[in-house]
Amino acid sequence: MNHPAPLPRPLSVAELDLAAPGGPVLSFRPAPGGPEVKAGDVYALVRLRGRPAATVVGTVADGEDPAGVLAALARERLARTAPLSDAERFAERFAESREEGGADAPPRASVVVATRERPEQLARALDSLLAQDHPDFELIVVDNAPRTGDTRDLVVRKYADRVRYVREDVPGLAVAHNTGLAAADGTVVAFTDDDVVADPHWLTALTEPFAADPGLGCVTGLILPARLATPAQVLLESHGGFAKGFAPRLYDPARPPADEPLFPFTAGSFGSGANMAFRADALRRAGGFDPATGTGTAAKGGDDLYAFVAVLSAGFRLRYTARALVWHHHRDTWQDLRNQAYGYGAGLTAYLTATLVRRPWLLPALLARLPRGLAHARTMTARRGEAPDGGVPGEHGTHHPWPRSLSRLERRGMFYGPLGYAKARLRKAGSR
């Protein structure tokens with residue numbers, strides 16, 4: 001097996017808070033649970049009075065102050081950031097007015113975490129979720145096709161009165177999410193993974209938009225790397241990771257975005273499954289998640305992308321906000337990265353297949369967009385998308401070529417996706 005050469009160097013991960021784009025440092029600290037920042041390459045989230053605004057990457061020499069080095073880079077980055085569009089500026093002003101005291105209380109929320117045999121990671125995630133500043137929420141763990149009782153033992157022993165435990169014996173992330181949705185009593189149902197650490201303001205930021213917009217069906221948020229300690233982690237983040245940038249965005253099926261002619265079939269630009277929330281009634285009306293998609297099925301993925309398009313197709317709007325932040329622990333081995341590359345490709349075409357199987361009236365729209373869609377997908381496999389507003393390390397001089405072997409794996413996954421989805425549907429039908 002050929003590894004990329006030269007292998008990327010590890011980076012420390014930190015948070016830097018500034019009083020203003022050109023202002024003084026308010027705080028500097030390592031990413032949640034991470035080691036102290038030392039000399040070497042550092043990846044930092046830049047906040048403006050707590051609000052996520054950009055990322056920077058810099059090299060701190062022996063004896064230098066990491067906060068000073070990264071603050072200088074952050075001021076330069078923010079000075080070069082492209083101005084917001086009118087829609088983005090409106091979203092920012094709306095959010096600021098809510099922070100100043102005019103906000104409605106966020107709706108009651110249910111947080112669903114699907115997991116399978118990873119109790120240590122789950123405990124770290126649950127600790128961060130229980131520390132949320134949201135005033136009214138419940139936390140549900142869905143134990144998906146467990147082989148042992150470790151997850152249940154953890155929840156009962158450590159979180160008995162604060163976390164609901166639900167067992168789902170049918171394997172598959174979408175099945176687990178549907179089980180969580182059925183158990184939830186919140187107006188909004190938020191989903192995240194067992195390998196994240198949630199910012200304390202995450203759930204409030206993710207659910208507040210629902211209170212102001214009754215036509216909003218889904219909100220997604222920012223996902224940043226918790227660690228960049230191995231070549232696989234650095235390479236994944238260098239080519240986009242899960243981040244969708246820092247500019248707010250509203251996707252409205254009644255007003256398709258002019259800069260996305262493939263809308264709504266570019267669901268990967270809307271967000272990711274580790275950081276998403278739905279108005280419960282909207283998601284149920286859209287039919288929930290397709291149980292033949294997602295990790296743990298032959299389809300390999302695509303459950304989140306399917307749900308985004310399903311909600312949009314039902315006429316609801318989708319909003320992205322960087323204020324809702326989770327830190328994601330990327331898988332750390334080369335084989336993990338190979339599996340992810342294949343899974344990305346498979347999940348993409350599996351979700352498209354699922355969408356057409358369950359919503360055949362969308363076929364003409366997809367066919368009209370297919371030539372440009374294939375070109376877009378090929379471009380994405382060759383160079384995973386980079387956010388234009390400084391959201392990935394590749395924007396800061398640490399770009400590493402995406403290996404051709406991974407591009408080939410992703411394309412192979414794309415060819416496999418429809419077959420994987422068909423296999424998953426057959427297995428589900430056979431299990432009834």
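**Exercise 1.** In which sense do strands β10 and β13 pair, parallel or antiparallel, and over how many bridges?

*Solution.* The model is a predicted one. Begin by locating the two strands: β10 covers residues 216-225, and β13 covers residues 317-328. Their pairing is in the parallel sense, over nine bridges. To find a position on the pair, look at V219, which lies opposite R319 in β13.

**Exercise 2.** Find how β10 pairs with strand β12, and state whether β10 is enclosed or not.

*Solution.* Strand β12 consists of residues 276-279. Here the sense is antiparallel, with three bridges joining β10 and β12. On this pair, T220 faces M276 in β12. For the second part, use the cut-off that buried means under 20% relative accessible area. Ten of the ten residues of β10 are buried, so the strand is largely enclosed by the rest of the structure.

**Exercise 3.** Describe how helix α9 packs against helix α10.

*Solution.* Two packed helices are described by the angle between their axes and the distance between the axes.

Step 1. Take α9 as residues 303-313 and α10 as residues 334-358; their axes come within 9 Å.

Step 2. The crossing angle is roughly 40°. Angles under 35 degrees count as roughly parallel, and 65 to 115 as roughly perpendicular. The two helices are therefore oblique to each other.

Step 3. The crossing of α9 past α10 is right-handed.

Step 4. List the contacts: from α9, L305, Y306 and V309 meet Y351, A354, T355 and R358 of α10. Sorted by class, this contact has five nonpolar residues, one polar and one charged.

Key
Residues numbered from 1 in each chain as written. Predicted model: local features only at pLDDT ≥ 70, side-chain atom pairs only at ≥ 80, totals over all residues. Heavy atoms only, no water. Buried < 20%, exposed > 50% of the residue type's maximum accessible area, 1.4 Å probe, protein only. Helix = DSSP H or I, 4+ residues; strand = E, 2+ residues; numbered from the N terminus. Pairing = 2+ DSSP bridges. Axes fitted to C-alpha atoms, helices over the stretch in contact; angles between N-to-C directions. Parallel < 35°, antiparallel > 145°, perpendicular 65-115°, else oblique. Left-handed = near helix turned anticlockwise from the far one by under 90°. Contact = heavy atoms within 4.5 Å. Nonpolar A, V, L, I, M, F, W, Y, C, P; charged D, E, K, R; others polar.
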